[in-house]
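Thanks for coming, everyone. Let me put the structure up, and then we can walk through it together.

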Amino acid sequence: MSALDHIRKLHLPDGARILDVGGGSSVLVDALLRENTSWSITVLDISQSALDHAQTRLGSLAKRVTWVAADITQWIANDPVDLWHDRALLHFLADASDRATYANTLRTALKPGGIALIASFSLNGPEKCSNLPVHRYDAQGMLATLGSGIILKDHWLMHHHTPSDKVQEFQFCLFQRV
Ligand SMILES: C[S@@+](CC[C@H](N)C(=O)[O-])C[C@H]1O[C@@H](n2cnc3c(N)ncnc32)[C@H](O)[C@@H]1O
């Protein structure tokens, strides 16, 4: 199942606010724009060039997205969102203090009842991503990282095949802010 398939199952309402952190090099934004024109979508990434590339790809549709070039560990959330999506950003946060900041930012950024869909390398996943060391998770580990006020609703493993046909095991978790 794709990220969009998982998001469809959430039945987000018209006007929902969605934040894709580390989404600069992802085409999820394209799919979200097609899925519901009333959704308000923000893509945050530390890489300005990834955001530039996405905006060029989307052309005039890029105007419908809020683009934020920021380090998630430095960013201050202001407009609470219905959905926080993160595929393969959290596992880059190797320092415990950065993970604690991420968790605080997520809690602030999510509306009460809001959902976080987060995927990282699993405990069986690679030890590095883009040549950088990663912090790997199982569902309980990710829940412990996010801390209080967040409940785990669902979790599953996914095997991703890279273009060079390596298999990377991802841990997906669905959380809700209480
Ligand atoms: C492995 S890519 C995943 C991209 C996309 N989410 C996907 O699933 O295809 C990780 C992304 O996270 C971004 N990233 C890494 N550390 C970050 C940080 N501290 N704050 C914001 N973005 C970060 C990178 O620039 C990159 O675009």
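Start at Ile151. Ile151 is in strand S8. Keep in mind that this is a predicted model. How exposed is Ile151? Its relative accessibility is 37%, so Ile151 counts as partly exposed, because that class runs between the 20% and 50% cut-offs. Now look across to Phe175. Ile151 and Phe175 are 24 residues apart in sequence. In space, their C-alpha atoms are 5.4 Å apart.

Stay with S8 for a moment. Strand S8 covers 150–161, and strand S9 covers 167–177. The loop between the two holds Asp165. Check the backbone there. Asp165 has a positive phi, near 65°, and this residue is not a glycine. Is Asp165 buried or exposed? Asp165 is exposed: its relative accessible area is 58%, and the cut-off for exposed is over 50%.

On to strand S5. This strand runs over residues 110–121. I picked two residues in S5: Ala116 and Ser120. Take Ala116. Its relative accessible area is 0%, so Ala116 is buried. Ala116 has a distant partner in sequence, Gln176, 60 residues away. From C-alpha to C-alpha, Ala116 and Gln176 are 6.2 Å apart. Now Ser120. Ser120 is buried, also with a relative accessible area of 0%. Buried means under 20%, so a value of 0% falls inside that class. How far is Ser120 from Cys173 in space? Their C-alpha atoms are separated by 8.9 Å, with their positions 53 residues apart along the chain.

Next, the loop between S3 and S4. Strand S3 spans 65–69, and strand S4 spans 81–87. Pro80 sits in the loop between S3 and S4. At 36% relative accessibility, Pro80 is partly exposed. Compare its position with Val68. Pro80 and Val68 are 12 residues apart in sequence, and their C-alpha atoms are 15 Å apart.

Thr73 is in the loop between S3 and S4 too. Is Thr73 buried or exposed? Thr73 has a relative accessible area of 12%, so Thr73 is buried; the limit for buried is under 20%. Then look at what the Thr73 side chain touches. It makes a polar contact with the side chain of Asp71, at 2.8 Å.

Asp71 takes us to the ligand. A polar side-chain atom of Asp71 is 3.0 Å from a ligand nitrogen. So one side chain gives us two distances to remember: 2.8 Å to the side chain of Thr73, and 3.0 Å to the ligand. Which other residues offer polar atoms to the ligand? Asp45 is one of them. A side-chain N or O atom of Asp45 lies 2.6 Å from a ligand oxygen. With Ile46, the backbone is involved: a polar backbone atom of Ile46 is 3.1 Å from a ligand nitrogen. How well covered is the ligand? On its own, the ligand has 600 Å² of accessible area, and the protein covers 82% of that.

How many residues surround the ligand? There are 14, and the closest are Gly22, Asp45, Asp71, Ile72 and Arg87. What is the shell made of? By class, it has seven nonpolar, four polar and three charged residues. And where does the ligand sit? The space it takes is the largest pocket.

One last stop, just after S4. Ala88 is in the loop between strand S4 and helix H4, which covers 96–109. Check phi here as well. Ala88 is not a glycine, yet its phi is positive, about 75°.

To recap the ligand site: side-chain atoms come from Asp45 and Asp71, and a backbone atom comes from Ile46. That's my tour. Over to you.

Conventions
Residues are numbered from 1 along each chain as its sequence is written. This is a predicted model: local features need pLDDT of at least 70, side-chain atom pairs count only at pLDDT 80 or more; totals for chains, interfaces and linings use all residues. Side-chain values use heavy atoms; hydrogens and water are left out. A residue is near a molecule or strand if one of its heavy atoms lies within 4 Å of it. A polar contact is a pair of N or O atoms within 3.5 Å; within protein, one must be able to donate a hydrogen and the other to accept it, and residues adjacent in sequence count only if both atoms are side-chain atoms. Accessible areas come from the Shrake-Rupley method with a 1.4 Å probe; for residues, only the protein chains shown count as cover. On a 1 Å grid over the protein atoms alone, a cavity is a set of points where a 1.4 Å probe fits but cannot get out, and a pocket is an open set with protein on both sides within 12 Å along at least five of seven lines; lining residues have an atom within 4 Å of a point. A molecule sits in a cavity or pocket if more than half of its atoms lie within 2 Å of its grid points. Ala, Val, Leu, Ile, Met, Phe, Trp, Tyr, Cys and Pro count as nonpolar, Asp, Glu, Lys and Arg as charged, and the others, Gly among them, as polar. Helices (H or I, at least four residues) and strands (E, at least two) are DSSP runs, numbered from the N terminus. Buried means under 20% relative accessible area, exposed over 50%, partly exposed in between (1.4 Å probe, protein chains only).
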